[in-house]
Amino acid sequence: MLAGECGAAIQLAMEILTKIGDIYEAEEMIEIASAHTVMTPYRDIMDAGVEICEKFAKLGAKYSVPTTLDPAGMDLQRWRELKIPESYAEKQMRIVRAQEKLGGIPVWTCVPYLHGNVPMPGQHLGWSESSAVVFANSVLGARTNRLTAVVDMAAGIAGRVPKFGLHLDENRQGEILVKINVKSKFLTDADYPIIGYFIGKHVGDKIPVLTGIPRNVSTDQLKNMGAAMAASGSVALYHIAGVTPEAKTLTRILRKGVWEDTLELGTKELKQTKEEMCTTGVGEVDFIAVGCPHYSIMEIRKLAALLKGKKIHKGIKFWIYTTKYVEMLAKRAGYSSIIEAAGAQILTETCMLVSPIDIYGFKTLMTDSGKCAQYAPTLCKTEVLYGSIEDCVKTAIKGSLY
Ligand code: F3S
């Protein structure tokens with residue numbers, strides 16, 4: 001492959017992968033079950049990214065393993081209505097066309113594991129998108145490093161990644177014990193992103209092992225906690241004793257049965273961390289953005305119940321980010337009509353952080369996402385308020401902070 005016997009596109013992909021392998025002293029390549037690429041939003045990958053996508057397409061590259069696509073840099077259907085500049089949209093559509101030629105699976109989402117790219121425990125992957133990587137490693141027990149843009153495309157084309165880091169058993173052991181000292185019956189949906197944010201801040205790129213998370217924790221709670229952990233720190237794998245697949249028991253998952261450090265999180269830390277996640281505590285809110293990671297149908301269902309019969313204040317935009325598939329389900333289930341009647345809008349295949357939100361000049365963004373709270377001040381150029389979805393809805397109706 002590296003010698004060019006399988007064509008120029010595969011040769012280029014292998015050149016990229018072998019360079020990465022050399023840097024990390026990998027001894028061999030390993031075949032992967034799937035890839036997931038972030039070479040998708042123009043806002044992030046810019047002109048150089050467009051050129052790389054088109055270069056691979058021109059060389060005749062095809063993804064050799066199923067490769068799903070992360071969100072695009074705009075709602076691919078409503079972009080005119082949303083006043084996205086033509087010049088930006090034109091570049092975004094060049095990325096779309098190039099990815100189509102490569103055979104990328106157009107889920108345009110950061111939750112590929114809810115949309116057909118569902119690895120089995122122990123399978124090796126070539127994924128990027130920090131929130132998806134941490135979910136695949138921790139909740140599904142699959143194995144992937146946090147790849148970067150371009151390397152993820154190369155992995156999908158070659159169907160291989162260099163074997164290092166989280167592909168190896170010895171690098172998947174827990175390093176820091178995190179005790180959640182809050183009675184599980186008092187943990188709410190809104191606490192999970194806070195827990196994730198707290199852990200990410202304190203552990204950086206270490207592997208935390210959590211105790212105190214109930215066995216009936218939901219997929220969405222884990223999705224939202226992991227995304228926050230991977231954003232405030234760079235966690236790519238966590239274990240929950242007795243819950244996640246590689247953490248059957250605490251002693252088995254902690255490195256050599258011991259740990260480097262112990263963190264404790266109680267109600268006091270929850271409250272303090274929530275405050276840290278906000279850059280302001282007062283004033284008008286003009287933008288409520290939820291769906292980071294993309295909302296599941298369960299989350300849309302909950303939101304529709306909260307919005308039923310209500311009216312959002314006219315000074316507020318309330319945007320919900322999700323996928324085409326979830327949008328279709330929401331329409332069929334009648335959730336979309338409730339949400340739209342209240343004045344909120346479902347947007348698809350993009351999100352608040354990878355689209356050019358700054359063009360609207362919003363001042364204060366409220367969100368139920370820990371990842372969004374971390375990045376919004378720099379990427380959306382707004383003040384940020386973190387709150388539960390219940391508080392987001394109350395604020396939307398009142399027109400200012402609830
Ligand atoms: Fe997904 Fe955008 Fe958040 S890609 S995880 S919704 S930043």
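The buried residues of helix α13 are covered by a set of elements that includes α4, α6, α7 (219–232), β13 and β14. That makes α13 a handy place to start a tour of this predicted model. From there we can visit a five-stranded sheet with the order β12-β11-β10-β13-β14, a three-stranded sheet with the order β3-β2-β4, two buried polar residues, and the internal spaces.

**Helix α13 and its surroundings**

- Helix α13 spans residues 370–379 and lies across β13 and β14, running at about 165 degrees to β14.
- Its buried residues are Gly370, Lys371, Cys372, Ala373 and Ala376.
- At the N-terminal end, Ser369 acts as the cap of α13, with a side-chain oxygen 3.3 Å from the backbone nitrogen of Lys371.
- Lys371 thus appears in two roles here: its backbone nitrogen takes part in the capping of α13, and Lys371 is also listed among the residues closest to the centre of the largest pocket.
- After α13 comes Lys381, which has a positive phi near 55 degrees.

**The five-stranded sheet**

- Five strands make up an open sheet with parallel pairing, and their order is β12-β11-β10-β13-β14.
- The edge positions belong to β12 (345–348) and β14 (383–386); each has a single partner strand, so one side of each is left without a neighbour in the sheet.
- From one strand to the next, the twist averages 25 degrees.
- Strand β13 covers residues 364–367 and is joined to β14 by four bridges in the parallel sense.
- Within that pair of strands, Met366 stands opposite Leu385 of β14.
- Leu385 also gives a reference point for Asp191: their C-alpha atoms are 15 Å apart, although 194 residues separate them along the chain.

**The three-stranded sheet**

- A second open sheet has three strands in the order β3-β2-β4, again with parallel pairing.
- Here β3 (67–69) and β4 (125–127) are the edge strands, each with a single partner, so one side of each has no neighbour in the sheet.
- Neighbouring strands are turned against each other by 15 degrees on average, direction ignored.
- Strand β2 (residues 34–37) runs parallel to β3 and is joined to β3 by three bridges.
- Three bridges also link β2 with β4, in the parallel sense.
- His36 has a bridge partner on either strand: Thr68 in β3 and Trp127 in β4.
- Ala35 is partnered by Thr67 in β3.
- In a regular strand, side chains alternate between the two faces of the sheet.
- Both faces of β2 are covered, with Ser34 and His36 buried on one side and Ala35 and Thr37 buried on the other.

**Two buried polar residues**

- Asn137 belongs to helix α4 (residues 130–138), and counts as buried because its relative accessibility is 0%.
- The side chain of Asn137 reaches the backbone oxygen of Thr144 at 2.8 Å, and also makes a polar contact of 3.1 Å with the side chain of Arg172.
- Not counting residues up to four places away in sequence, Asn137 touches Ala142, Arg143, Thr144, Leu166, Arg172, Ala236, Leu237 and Glu246.
- Asp191 lies in helix α6 (residues 191–203).
- With 13% relative accessibility, Asp191 counts as buried too, because the cut-off is under 20%.
- Leaving aside neighbours within four places in sequence, Asp191 is in contact with Phe186 and Leu270.

**Pocket and cavity**

- The largest pocket holds about 570 Å³ of space.
- Of the 26 residues lining this pocket, Asp44, Asp70, Glu129, Val354 and Lys371 are the closest to its centre.
- Helices α2 (42–58), α4 and α13 each supply at least two residues of that lining.
- The structure also holds one cavity of 30 Å³ or more, and the largest cavity contains about 60 Å³ of space.
- The largest cavity is lined by Met74, Asp75, Leu82, Ile84, Trp319, Tyr321, Leu347, Thr350, Ser355, Ile357 and Tyr360.

How values were computed
Residues are numbered from 1 along each chain as its sequence is written. This is a predicted model: local features need pLDDT of at least 70, side-chain atom pairs count only at pLDDT 80 or more; totals for chains, interfaces and linings use all residues. Side-chain values use heavy atoms; hydrogens and water are left out. Two strands pair if DSSP finds at least two bridges between them. Axes are lines fitted to C-alpha atoms, for helices over the stretch in contact, and angles run from 0 to 180 degrees between N-to-C directions. Contact means heavy atoms within 4.5 Å. Buried means under 20% relative accessible area, exposed over 50%, partly exposed in between (1.4 Å probe, protein chains only). A polar contact is a pair of N or O atoms within 3.5 Å; within protein, one must be able to donate a hydrogen and the other to accept it, and residues adjacent in sequence count only if both atoms are side-chain atoms. On a 1 Å grid over the protein atoms alone, a cavity is a set of points where a 1.4 Å probe fits but cannot get out, and a pocket is an open set with protein on both sides within 12 Å along at least five of seven lines; lining residues have an atom within 4 Å of a point. Grid points are joined across faces, edges and corners, and a volume is the space filled by probe spheres set on the points.
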